[in-house]
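Q: Please take a close look at the side-chain pairings in this structure, the charged ones and then the aromatic ones, and set them against the chain as a whole.

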Amino acid sequence: MLTELRDLVATHVRADLRTPIPGLLLSEVDTSEPHHSLAEPLLVVMAQGGKRLLLGEQVHEYRAGQYLLVSTDLPVTGHFVGATPETPALGVGLALRPAAIAPLLLEAPPGRFSRTPPASPIATGDASPELLDAVVRLVRLLAHPADARVLAPLIEREILWRLLTGPHGGLVRQIGLADSGLAHVGRAIRWIRENHAEPMRVDELAKLSGMSPSAFHRHFRAVTAMSPLQFQKRIRLQEARSLLLADAGDIAGVGHLVGYDSPSQFNREYRRLFGAPPGQDAARLRAAAAPAGPRLP
């Protein structure tokens with residue numbers, strides 16, 4: 001089954017990850033260079049190769065036949081283990097939509113799903129034969145677009161059910177609950193993402209999340225493995241890196257655009273995260289053609 005999944009990904013993968021089936025993404029990466037990205041709620045099933053993902057000081061690794069679950073928007077650093085042009089890393093992603101998860105929570109018998117809060121917003125595990133089979137059937141539909149419109153939503157429900165009833169069902173359940181702690185912190189995360197260049201007041205974010213400042217700090221760190229200030233800084237620097245890849249001529253201007261008033265502070269924090277000053281880092285990435293496009297977490 002894993003062999004078929006590898007073949008299907010290699011056949012249908014595109015540079016932008018996307019497929020005609022909403023929420024279904026395919027990835028092929030042939031380099032082990034570290035990269036920084038903003039992960040969204042997602043299931044990733046690795047079909048070939050492996051990946052190591054870093055969130056704060058947490059390390060998560062998954063390989064062929066295993067899956068990754070991400071429950072909210074998170075700035076992560078990762079690299080594909082041993083990926084080369086001859087043996088690229090191949091993966092399948094499926095967006096985890098609260099609107100698709102919530103109905104399953106309502107339809108299930110009472111007590112069917114674990115109510116234990118997840119210890120981390122990221123989890124990895126072995127893909128069961130049932131989960132792997134459903135993922136393969138979903139990717140097969142790319143060759144049958146007339147069937148995909150009807151059958152893809154049904155298979156998506158099956159995949160979500162397998163996840164909800166699996167060992168990390170509590171994490172997926174949190175995504176579908178509008179009143180969960182994850183949902184409350186998610187409001188603050190979305191505000192920071194959409195307003196990363198603006199000054200941030202933690203007490204206002206706490207109010208937005210419906211928590212006291214102390215509870216907000218505690219829950220935010222539990223979800224993201226960072227403080228709100230560290231999270232904002234990471235978002236700013238990753239946005240700056242994307243802007244510099246397009247135009248590295250105005251480094252101070254880019255720093256100001258993402259929220260830095262001090263060019264020296266921008267240079268210092270950029271170098272600390274990416275290992276080189278902004279202009280040098282952008283030139284290196286363009287010369288290496290990396291990142292060549294989007295990647296799954």
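**Charged and aromatic side-chain pairs**

A: The model is predicted, and the pairs below are read from its computed coordinates. As a frame for them, the secondary structure of the chain comprises 12 helices and nine strands, and the C-alpha trace spans about 55 × 50 × 30 Å along its principal axes. The radius of gyration is 20 Å, which agrees with the value near 19 Å that a compact globule of 297 residues would have.

The charged pairs come to 16 salt bridges. One of these joins Arg 193 to Glu 40, with 3.5 Å between the closest N and O atoms. Because Arg 193 belongs to helix α6 (residues 181-194) while Glu 40 sits in the loop between β2 (35-39) and β3 (42-48), this salt bridge ties together parts of the chain that are 153 residues apart in sequence. Neither partner is buried: Arg 193 is partly exposed at 28% relative accessibility, and Glu 40 is likewise partly exposed, with a relative accessible area of 42%.

A second salt bridge links two helices, with the closest N and O atoms of Glu 158 and Arg 137 lying 2.8 Å apart. Glu 158 is part of helix α4 (residues 145-164) and Arg 137 is part of helix α3 (residues 129-140), so here the parts tied together are 21 residues apart in sequence. Glu 158 has a relative accessibility of 23% and therefore counts as partly exposed, and Arg 137, at 23%, is also partly exposed.

Another of the salt bridges is formed by the side chains of Arg 201 and Asp 203, at 3.2 Å from N to O. Arg 201 is partly exposed at 48% relative accessibility, and Asp 203 is partly exposed with a relative accessible area of 40%. Returning to the helical pair, Glu 158 and Arg 137 belong to a network in which salt bridges with shared partners also bring in Asp 133 and Arg 162.

Turning to the aromatic side chains, the structure holds five aromatic pairs. In one of them, the ring centres of Phe 220 and Phe 231 are 5.5 Å apart and the ring planes stand at 85°, so the pair is edge-to-face. Phe 220 lies in helix α8 (residues 213-224) and Phe 231 in helix α9 (residues 228-246), which means that the pair ties together parts 11 residues apart in sequence. Phe 220 is buried, with a relative accessible area of 0%, and Phe 231 is buried as well, also with a relative accessible area of 0%.

Elsewhere among the aromatic residues, Tyr 260, Phe 266, Tyr 270 and Phe 274 are linked by ring pairs into a cluster. Tyr 260 also takes part in a contact of another kind, in that the charged end of Arg 236 sits over the Tyr 260 ring, 5.8 Å from the ring centre.

For the chain as a whole, buried residues account for 46% of the 297 residues, and Phe 220 and Phe 231 are among the buried ones. Of the contacts with a separation of 6 or more, 74% are between residues 24 or more positions apart. The area that the chain exposes is about 14200 Å², with carbon and sulfur atoms supplying 54% of that area.

Notes. Residues numbered from 1 in each chain as written. Predicted model: local features only at pLDDT ≥ 70, side-chain atom pairs only at ≥ 80, totals over all residues. Heavy atoms only, no water. Salt bridge = Lys/Arg side-chain N within 4 Å of Asp/Glu carboxyl O. Helix = DSSP H or I, 4+ residues; strand = E, 2+ residues; numbered from the N terminus. Buried < 20%, exposed > 50% of the residue type's maximum accessible area, 1.4 Å probe, protein only. Phe/Tyr/Trp six-rings, centres within 6.5 Å; stacked < 30°, edge-to-face > 60°. Lys NZ or Arg CZ within 6 Å of the ring centre and 35° of its normal. Rg over C-alpha atoms; globule rule 2.2 N^0.38 Å. Contact = heavy atoms within 4.5 Å. Areas by Shrake-Rupley, 256 points an atom, 1.4 Å probe, with all protein chains shown as cover.
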